[in-house]
Structures are given as C-alpha cells and as structure tokens.
Amino acid sequence: MSPKSRLYTLVKAWKNKPFQEVHDACGATWLGLSSQALEEHQSWSKRQVISHEPIFNCKGTKLTGSLFRPLLASSDMQLLRLFMEGLDSISYWYRSGRFIPGILPIPTHAISSSAYIDALSDLILNSRLPVGLVVLGMQSLPEPHLADSCKEGLLRMRRLGVLIHLMNFCGNTEQLHWVEEMQMEGIHLDMKHFREQKPSQDIFPTLRHSAYSPIQIYASNVGLVKDLENASDWEIDHCYGGLMMSPISRHQMLQINDSRIAKAIFSLHPHQHLNPNGDK
C-alpha cells in the first residue's frame, strides 16, 4: 500500500469516526442505548443517510439551519440514538467550519420525563457545541397533567443554552401562551394547513412585538409557489420544504452554495412585469 493510499484510509476512518464521547454518559438500556444499539449507531452513522432538510431565509439567499427529520417519527427506543446522530451531524458541520443550527424535534412526553431530560442533557454537554447551534423542536403541547413537568424539562434545556422552537404552530391561544411564557425563539407554521385557512393577521405583530427577544417564524412544507408567495406576504423569516430543497445527507449540507440555491429559488418567483398576453 502506498503512503498516499494509507493517508487516504486514515483520513476516511477519522471522518467516519462515530460520536464516542457520549457512550458512558447515559447507559440506561431502557432508554435505547444498549451495546447493540450503539453498534447499530456506529454502522448507521457511517452511511450518508438522506435525513437533513435544509432551511433557508424566505428569499432563499442564505442557508439558516437544518431539520433532522428522523426524529419526527422516532420510537422511544430510537429517540436517544437519533438525537445522538443529530448532535453528531451538527458537530460535523461545526468542525468543518459551518455554523448550521440543527433543529432536533422531540416528542412532548420525552420533554416531560426527567429520565429523558437527564440523558439529553448528558448528550448535549458532551457534544461541547456552542450556544445557539442546538435547537429543541417541541412537537406539540403537553397534556394538562404533564404541563408542569414539561415546563421544567424545557427550562433545563434552556439552562444548557439550547434554543426552543414550537413545531406545528397554528396560532391558538394556548400555543401563544406557551410561546410567550417559555420565551421560545421560534415557531413553525405548516403551509399545507394554511393554504385554505390563512392565519389571523394579528398573530404576527403580537409575536414580533413580544416583551422578549423577537421570535423567528418558520414556514414548513413549502411545496407550492403559492406557499412561497404567502410566506413572503406574511414576512416569514425562514422556509423549508420540497420547493426549497429536498432532504439531503449531512455531507451534502456542507456543499450547499447559497448563491446557487438563491438563483434556483428566485426563478420560481413571478416577475414583477407581465407582457400584454399575461405570460410571466
């Protein structure tokens, strides 16, 4: 084997090295971190799985984050393994010189569980990521009897420097109360839901003029040009979905050229002037 090929082998092995520091952080087998699960994680992380959905600003001129989609439908036994994989991807981008915030969706019952919060805290602490790169996506509001424990879980995450987002925001009073009380940094509107029924126009001023820091508004499931037009009309800050870019691997995320994606997205916007025949 030539020196060049040996160097290639070493670099490739280092690049694919799994996230080792958390192996001793939370070994409770009931949470899904058995030795078999860890071996599966190491094998799984070596593959370039198509699981990261890029998030852009509304005009498509800048990559602003990533949504780790496998966590949206994870089982309890998969949750910590997938959360570990999400953190590993954020670390991979960070080590490569890209500051890409990663949104890691977590089911509400896990946020309400002190055992899960203990494990998630250990994983986050061992990742040694800067504040602002790890975003916890709260998938729904908790049942009334879990409200206090859920708030405690969110506060513990906040003390670690984790940002808090509310997924599937529809603008009802209870959601607004949670957003304001927990001082969440972001909300996500499902554009499929709002195609027929637009959100109340007084929601956005209420959120943007909060007593706390201005909240960031995300448009999810942007699949039609009309969705993009609505997002622009409502002055939404970030967009993601099939029209923006399909999910990609964590390595492909590093290859996104902001100017190139902007050019592609701008081509979808209607021109300001129409010809006499009405063609765009």
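Visitor: Which residues of strand 3 are buried on one side, and which on the other?
Guide: In this predicted model, strand 3 is covered on both faces. Five of its five residues are buried, so strand 3 is largely enclosed by the rest of the structure. Gly102, Leu104 and Ile106 are buried on one side, and on the other Ile103 and Pro105.

Visitor: Which residue stands opposite leucine 67 in strand 3?
Guide: Strand 2 pairs with strand 3 in the parallel sense, over two bridges. Helix 3 joins these two strands in a right-handed β-α-β unit. Opposite leucine 67, in strand 3, stands isoleucine 103.

Visitor: How many bridges join strand 3 to strand 4, and which residue in strand 4 stands opposite glycine 102?
Guide: Strand 3 and strand 4 run parallel, and five bridges join them. Within strand 4, the residue opposite glycine 102 is valine 134.

Visitor: Is strand 4 largely enclosed or open, and which of its residues are buried on each side?
Guide: Five of the five residues of strand 4 are buried, so this strand is largely enclosed by the rest of the structure. Both of its faces are covered. On one side the buried residues are Val134, Leu136 and Met138, and on the other they are Val135 and Gly137.

Visitor: In strand 5, which residue is the bridge partner of glycine 137?
Guide: Strand 4 pairs with strand 5 (residues 163–166) in the parallel sense, over four bridges. Between these strands the chain passes through helix 6, in a right-handed β-α-β crossover. The bridge partner of glycine 137 in strand 5 is histidine 165.

Visitor: In what order do the eight strands close into a barrel?
Guide: The pairing in the barrel is mixed. Strand 7 (residues 216–220) and strand 8 (residues 238–239) pair in the parallel sense over two bridges, and tyrosine 218 stands opposite histidine 238 in strand 8. The eight strands close in the order 1-2-3-4-5-6-7-8.

Visitor: At about what angle does helix 3 run to strand 3?
Guide: Helix 3 lies across strand 1 (52–57), strand 2 (63–68), strand 3 (102–106) and strand 4 (134–138). Its angle to strand 3 is about 175°.

Visitor: Is aspartate 88 buried or exposed, and which side chain does its own side chain join in a polar contact?
Guide: Aspartate 88 is found in helix 3 (residues 76–95). Because its relative accessibility is 2%, aspartate 88 counts as buried. A polar contact of 3.4 Å links the side chain of aspartate 88 to that of arginine 250.

Visitor: How far apart are the end C-alpha atoms of helix 5?
Guide: Helix 5 (residues 114–127) has 14 residues, which at 1.5 Å a residue should span 20 Å. The distance in the model agrees with this expectation: the end C-alpha atoms are 20 Å apart.

Visitor: Against which helices do the buried residues of helix 5 pack?
Guide: The buried residues of helix 5 are Tyr116, Ile117, Ala119, Leu120, Ser121, Leu123, Ile124 and Ser127. They pack against helix 3, helix 4 (108–111) and helix 6 (147–159).

Visitor: Which residue takes a positive phi just after helix 5?
Guide: The phi in question is about 55°. The residue that takes this positive value, just after helix 5, is arginine 128.

Conventions. Residues numbered from 1 in each chain as written. Predicted model: local features only at pLDDT ≥ 70, side-chain atom pairs only at ≥ 80, totals over all residues. Heavy atoms only, no water. Buried < 20%, exposed > 50% of the residue type's maximum accessible area, 1.4 Å probe, protein only. Polar contact = N/O pair within 3.5 Å; in protein donor to acceptor, adjacent residues only side chain to side chain. Pairing = 2+ DSSP bridges. Contact = heavy atoms within 4.5 Å. Axes fitted to C-alpha atoms, helices over the stretch in contact; angles between N-to-C directions. Expected span 1.5 Å × (residues − 1). Right-handed = clockwise from strand over helix to strand, strands pointing away.
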